[in-house]
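Visitor: I am new to this structure and should be grateful for a close look at a single part of it. Please place that part within the whole, and then describe its surroundings.

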Amino acid sequence: MFQPTVGPIVGHTTPHHTRLFIRGGSINNEWTYAAVRYRRRGDTDWSAPLFAELSALRDFSNVIALNNLGSDTRYEYQAGWFSSGKEQPSEQTLLEWPLQWPKQIYQLRTISSEVTTPRSYIVGSCRYLRMTLGIPSYPSKGDKIFSAIHNFVKKNALIPVGALVMTGDQVYVDDMNVVSPDREYKEILAKYRAAFSQPHIQALMASVPTYMILDDHEIEDNWPANANNDVALYRNAMAAYEIYQASHSPVHELLPSGQPARKLGHYWYQFAQGDIEWFVTDSRTRRDLSANDRRILDAEQEGALISWLINSPARVKFLVTSVMFFPDNKDNGTDAWKAFPEQRLRILDTIRKHRIKNVIVVTGDVHGSLTSRLRHSEDADFEVQTIVSSPFCNSALLPYASASSFILDQPLAQTESGDYHLEWTSKVISQDNFAYLEVEREHIRVEYRDRDGEHLYSVNLPLQL
């Protein structure tokens, strides 16, 4: 067997289930398969191997689900790929195949089933890894922060990290647009392979459940405003996104066999860990820019979000959006929620009128990190907070955000029933960073750390009891 060429990536994980993304390769047009075996840490016997066929249609990758796992339990696993010859083998033949497993042993931990236990998460966005002639330029810069995150998770996180949540721009398909724009499928796939096979991000994602959602640079800057009717670019970019980012997410339902379905109806999804729930929106590909009904979320997605906000019993509701919900940026006013004020106001009014507590908006995009709080002039009980974390790795050509980048001297929205106004709850971090979140009973502790893992700034965001 061979080591995976990309991965393994630990995807959606629950107390009793996890998903592993593996990319292999091809050998002389033979049948190829990914394989996984696992065991509880401390046990000596491995499980029977699980197999998944690899084909060019999915860039020789697949996702294998492990089921019937123990809650809050550490597991070891091995993963690899192999060829089985020119003829397709039967399931029994695969089980009897004399596999020589790669020596690498990975570890993962399932989620605790205790409802009220404290949880922790890593949040970030915008990882710039410039490619020149298909090769990463200065890859150690683009990978450095993931070494810091991995070391922090292993040695310093006081509470087991339940998820790495990446809120957009995991790859920059358009990084060389001025010189040589990438739009072909094979070129975009090559960027994903390079981005996700760097050693530190690979080690991190092989051990921590990873949840992703796209932003514009997975396609093109400010998509779809700058789309220019490039149907081929969009088709190729989304095919690659579905393979490398969406495939291991909870958007894919499980089949009776216990393995994820291939069918994909949309990119937004939900997941829950105890009394904490996440709604990860697709605020990029479902936009409607028409004058009559401007939307950043399509009607189906908005309806699902509103239903979740009203009906979910979760104590804390994390709402992920790849572009800024608030505060508004002085520049780039057409790309974020600032340009869709009616839909934003509908969501805010829903939260206020239904007296929904502890809605936390998580986002990135702006190449600066901060926390802030939205209040209402006539409703003392209304509160929505935001946590912004960006970038993992900036380009030398792109500026960092600062406090002066945002609109602070006027209400976010004015209505007949009162004004929505902002309050800073942190300073603005203007350098490469990631956010570590600890969700306790009375507050969320947010720690911003730099590319070496060193502490930059901390704040406790109070929760409504």
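Guide: The account below begins with the whole protein and then turns to one helix and the loops around it.

The model is a predicted one. The secondary structure of the protein comprises 7 helices and 23 strands. For 465 residues, a compact globule would have a radius of gyration near 23 Å, and the value of 22 Å found for the protein agrees with this. Along the principal axes, the C-alpha atoms occupy a box of roughly 70 × 50 × 40 Å. Of the 465 residues, 59% count as buried. Among contacts between residues at least 6 apart in sequence, 74% join residues at least 24 apart. The exposed area is about 19200 Å², of which carbon and sulfur atoms supply 48%. As for charge, there are 47 positive and 56 negative side chains, and the centres of the two sets lie 4 Å apart.

The part chosen for a close look is helix H6, which runs over residues 299–311. Its 13 residues reach 18 Å from the first C-alpha to the last, close to the 18 Å expected at 1.5 Å a residue. The buried residues of H6 are Gln-301, Glu-302, Ala-304, Leu-305, Ile-306, Trp-308 and Leu-309. An α-helix has 3.6 residues a turn, so residues three or four places apart point the same way. In H6, Gln-301, Ala-304, Leu-305 and Trp-308 are among the buried residues. The cover over the buried residues of H6 includes strands E13 (269–273), E14 (276–280), E15 (316–320) and E16 (359–363), together with helix H7 (341–353).

Two elements of that cover, E15 and H7, are linked by a loop that contains Pro-327 and Lys-338. Pro-327 is joined to Phe-326 by a cis peptide bond, with omega about -5°. Lys-338 counts as partly exposed, because its relative accessibility is 28%, a value between the limits of 20% for buried and 50% for exposed. Lys-338 and Met-324 are 14 residues apart in sequence, and their C-alpha atoms are 8.0 Å apart in space. Beyond residues up to four places away in sequence, Lys-338 touches Asp-328, Asn-329, Lys-330, Gly-333, Arg-344 and Ile-407.

On the other side of H7 in sequence, the loop between H7 and E16 holds Arg-355. Phi of Arg-355 is near 55°, a positive value in a residue other than glycine.

Related features occur elsewhere in the protein. A cis peptide bond also joins Gly-7 and Pro-8, with omega about 0°, and Pro-8 belongs to strand E1 (residues 6–13). Asn-29 has a positive phi, near 60°, and lies in the loop between strand E2 (17–23) and strand E3 (32–40). With a relative accessible area of 74%, Asn-29 is exposed. Asn-236, by contrast, is buried, with a relative accessible area of 10%, and its place is in helix H5 (residues 231–246). Apart from neighbours within four places in sequence, Asn-236 is in contact with Arg-183, Glu-184, Tyr-185 and Ile-188.

Terms used
Residues numbered from 1 in each chain as written. Predicted model: local features only at pLDDT ≥ 70, side-chain atom pairs only at ≥ 80, totals over all residues. Heavy atoms only, no water. Helix = DSSP H or I, 4+ residues; strand = E, 2+ residues; numbered from the N terminus. Rg over C-alpha atoms; globule rule 2.2 N^0.38 Å. Buried < 20%, exposed > 50% of the residue type's maximum accessible area, 1.4 Å probe, protein only. Contact = heavy atoms within 4.5 Å. Areas by Shrake-Rupley, 256 points an atom, 1.4 Å probe, with all protein chains shown as cover. Lys, Arg positive; Asp, Glu negative; His and termini not counted. Charge placed at Lys NZ, Arg CZ, Asp CG, Glu CD. Expected span 1.5 Å × (residues − 1).
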